[in-house]
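I opened my notebook today to look around inside a protein chain. Here is what I looked up, entry by entry.

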Amino acid sequence: MKHFYQVFSPAEKLRQYAKNITLWLSFLMVCNSPLDAQVSTYSFTQSSGTYTPIVGTVLGTATGNASASNLNSEVYPITLPFGFNFNGTVYNSLNASSNGFVTFGATAPTTTNVTPISSTATYDGAIAVFGRDLNSVFDVNSVTGNMSWDIIGTAPNRELVLQWKDFRPTNVTVTTSVYTFSFQIRLSETSSIIRMVYTSGAYVIGSTAYNSTAQIGLRGTSASDFNNRLNATSLEFVNSTSGTANTSSQAFNTANAVPGMPTTGLTYTWTPPSCYTPGGLTSGSSTITTAPISWDASSSSPSNGYDIYYSTSSTPPTSSTAPLQQVPAGTTATLSPLAPSTQYYVWVRSNCGSGNTSIWTLQPITVITQCQPPALLSSTGTTVCPNQSATLSATGAAGATLKWYDVANGGTSVGTGTSFTTPLLSTTTNYWVTASSIGNPTNVGAATPASLGTSTATNTSWDLLFTVNSNLTLNSVDVFPGTVGQTGTIEVLTASGTSVSSVSYTTTVSGNSTPQTVPLNIILSPGTYAMRRSGTANLHRNSAGAVFPYTTPQLVITGTTFVNYPAYYFYFYNINFTPACESARTMVTATVSSAGCLSANEIEANDKLKVYPNPFSDLINIERPDLVKSIQITDLSGKLVRNNVKAESIVRLHDLSAGMYILQLDMKDGSKQTIKIIKK
């Protein structure tokens, strides 16, 4: 059962009551602020001191020897009488677990948490003095255990002491053989030093050997930031070494000297760094050669600002790595110059002066620069008469593919090439043209389920999530069916859940190592997407082995919708795509104007006699000139400009000035036809 008690020392009760609201608001502010992850930079020392028990305020006492009453799985929140700086953040409260640890932050540990350092729980940090499944004892040879806390000393050098008294080293309930020991966590007010102090313990009754392991050390905001101790069963408890993983632990044995138990007065001391790493490192929208980044100010207020290092390799910098940029003041920077279409890993550290620097940020961020599209050199519109097509033109750099669009954003290409002929137009219409280069087909993602490890063919509805950084075409994806002859659908959706495209297929192979390649041919613009399966087809997916992200500069697979299990990989392997780097769209206008154009009736008459071209440059063609007796040409004012022109199939009029004229045809049958013609 989980208990939450608001606990104060007697001297603090009245004063704390008045501060209750203020401290609660402060607590909320702490829990919502970004946290620095660097418990790995705390220095560790071991010494032999004195174990001084406390009485203080009792959090809980064993009232029986059954699990429900022996302090098994209890969590107690404590409001602190002074702010304690842990991992660069000042906290005014903590949670104490009967399983040998305390945590900081708004998220309390579960009562069943027995691995405080390797746990993926979302508390801000943990201090584990003997983290494992523990309980206490009630009235065995007059020994009864409890948990308590007290404040020692005077401000500003007070010390908070949390004590686990007469606890069993393993979770057992027998009363015929009982071994107990005690241990403390001591938190110093001003220096923020953490001490862990132990007794060796003794048998209260019996002599049964109890042995196992315990997690001892510190955890930061996540399990990837740890600073812990390690000894195997072949090494004495008191001769531990630095842990190598967040699961590292110390072995103990109540009966054997090796590994044995901690000696009475054994003291572990963890001292925080004097220069803290900044947190909250993030990036903004990149360009072809630059990328903006920002971070949260370090609690150390570094006198020399911040150092920045970035690389195309994910290998982290060391303390001796020279920074590539320095920021004397402020918490923003622009990385430059960068290569186009390239992924960079970025780290930041505080520079506190005189050679005192923090460690680099433990987890780098990645920035990906935009691609360098080919140049669009020119674009030319045109003017046409109503209900005619227009031919638009453009030129691009050598090797560029020109794409034409009928919308300014989105949509699909309506044509390619240096010219584009529109449909018949009745009004002025805008089109857009781009210059693009087509890259090489590229694969991203896990290759096969077999390559990751354990896999099962299922039909659950979990999506694979990915981000597209530049225009591309999804060519295909490999699936690994469980059975031949089943049908399914692969669908790509936007971040808002809108379907982009879907492709159906029927399974033709089976197993976790033989792929079935499904063609997709889906064009995607930059954005975030999900790939989803549906239908009866069971597809293999992995329940372990995935390490996200799977990255290329153009497409990054970021994870799955099964967020509580980050090592799962769902259904879609070896995604193949072809990137395209496309310039911004340039507007090209097809102007529709009736000025200087023939009317509908005139066009009809012209069509009957088949006089062409009209408009013309130097000559006109007349079909069936044998039907025409003579030709006269006047301008629009009625002035005769040509008389008795001989009716021939080709009439040369190159000496006419540009403009509009009336062509009068005197037909041999006595009729007359007039046609409006235009000289360009």
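**Entry 1: the cavity**

I kept in mind that I was looking at a predicted model. My starting point was the empty space inside. I learned that rolling a probe the size of a water molecule over the atoms shows where empty space is left.

Which classes of residue line the largest cavity? I found three nonpolar, six polar and no charged residues in its lining. The structure holds one cavity of 30 Å³ or more, and the volume of the largest cavity is about 40 Å³. I wrote down the names around it: Ser341, Ile368, Thr369, Gln370, Cys371, Asn469, Ser470, Pro553 and Gln554.

**Entry 2: the largest pocket**

Next I turned to the largest pocket, which holds about 1,300 Å³ of space. Its lining is made of 48 residues, and Asn469, Ser470, Asn471, Ser525 and Pro526 lie nearest the centre. I had already met Asn469 and Ser470 in the lining of the largest cavity.

Which strand gives the largest share of the pocket lining? I found that β43 does, with five residues. Several strands supply at least two lining residues each, among them β23, β24, β28 (401-405) and β31 (429-438). I sorted the pocket lining by class too, and it divides into 22 nonpolar, 23 polar and three charged residues.

**Entry 3: two disulfides**

I looked for cysteine pairs next. A disulfide is a covalent bond between the sulfur atoms of two cysteines. How many disulfides does the structure hold? I noted two.

Cys275 and Cys352 form a disulfide, with their sulfur atoms 2.0 Å apart. The torsion about their S-S bond is about 85°, so I wrote this disulfide down as right-handed. The pair links distant parts of the chain, with the two positions 77 residues apart in numbering. Cys275 sits in the loop between β17 (266-271) and β18 (282-283), while Cys352 sits in the loop between β23 (343-350) and β24.

Are these two cysteines buried or exposed? The cut-off I needed is that buried means under 20% relative accessible area. Cys275 has 3% relative accessibility, so it counts as buried. Cys352 has 19%, so Cys352 counts as buried as well.

Cys371, which I had listed at the cavity, is joined to Cys581 by a disulfide with an S to S distance of 2.1 Å. The torsion about the S-S bond of Cys371 and Cys581 is about 95°, so this disulfide is right-handed. This pair also links distant parts of the chain, 210 residues apart. I placed Cys371 in the loop between β24 and β25 (376-380), and Cys581 in strand β43 (residues 573-582). Both Cys371 and Cys581 are buried.

**Entry 4: strand β17**

I went back to β17, the strand on one side of the loop that holds Cys275. Why is β17 described as largely enclosed? Five of its six residues are buried, so the rest of the structure largely encloses β17.

I then checked its pairings. Strand β1 (residues 43-48) pairs with β17 in the antiparallel sense over six bridges. In that pairing I found Gln46 with Tyr268 of β17 as bridge partner. Strand β11 (residues 194-198) also runs antiparallel to β17, and four bridges join them. Here Arg195 has Thr269 of β17 as bridge partner.

**Entry 5: two open sheets**

My last stop was a look at two sheets. One is an open sheet of four strands in the order β21-β20-β23-β24, with antiparallel pairing. β21 (325-327) and β24 (365-368) stand at the edges with a single partner strand each, so one side of each has no neighbour in the sheet. On average, neighbouring strands here are turned by 30° against each other, direction ignored. Three bridges join β20 (residues 306-311) to β21, and Tyr306 has Val327 in β21 as bridge partner.

The other open sheet has four strands in the order β48-β47-β50-β51, again with antiparallel pairing. β48 (640-645) and β51 (672-679) are at the edges, each with a single partner strand, so one side of each is left without a neighbour in the sheet. The twist averages 20° from one strand to the next. I noted seven bridges between β47 (residues 628-635) and β50 (residues 659-667), with Ile631 opposite Leu665 in β50.

Definitions and conventions
Residues are numbered from 1 along each chain as its sequence is written. This is a predicted model: local features need pLDDT of at least 70, side-chain atom pairs count only at pLDDT 80 or more; totals for chains, interfaces and linings use all residues. Side-chain values use heavy atoms; hydrogens and water are left out. On a 1 Å grid over the protein atoms alone, a cavity is a set of points where a 1.4 Å probe fits but cannot get out, and a pocket is an open set with protein on both sides within 12 Å along at least five of seven lines; lining residues have an atom within 4 Å of a point. Grid points are joined across faces, edges and corners, and a volume is the space filled by probe spheres set on the points. Ala, Val, Leu, Ile, Met, Phe, Trp, Tyr, Cys and Pro count as nonpolar, Asp, Glu, Lys and Arg as charged, and the others, Gly among them, as polar. Two strands pair if DSSP finds at least two bridges between them. Axes are lines fitted to C-alpha atoms, for helices over the stretch in contact, and angles run from 0 to 180 degrees between N-to-C directions. A disulfide is a pair of cysteine sulfur atoms within 2.5 Å. Buried means under 20% relative accessible area, exposed over 50%, partly exposed in between (1.4 Å probe, protein chains only).
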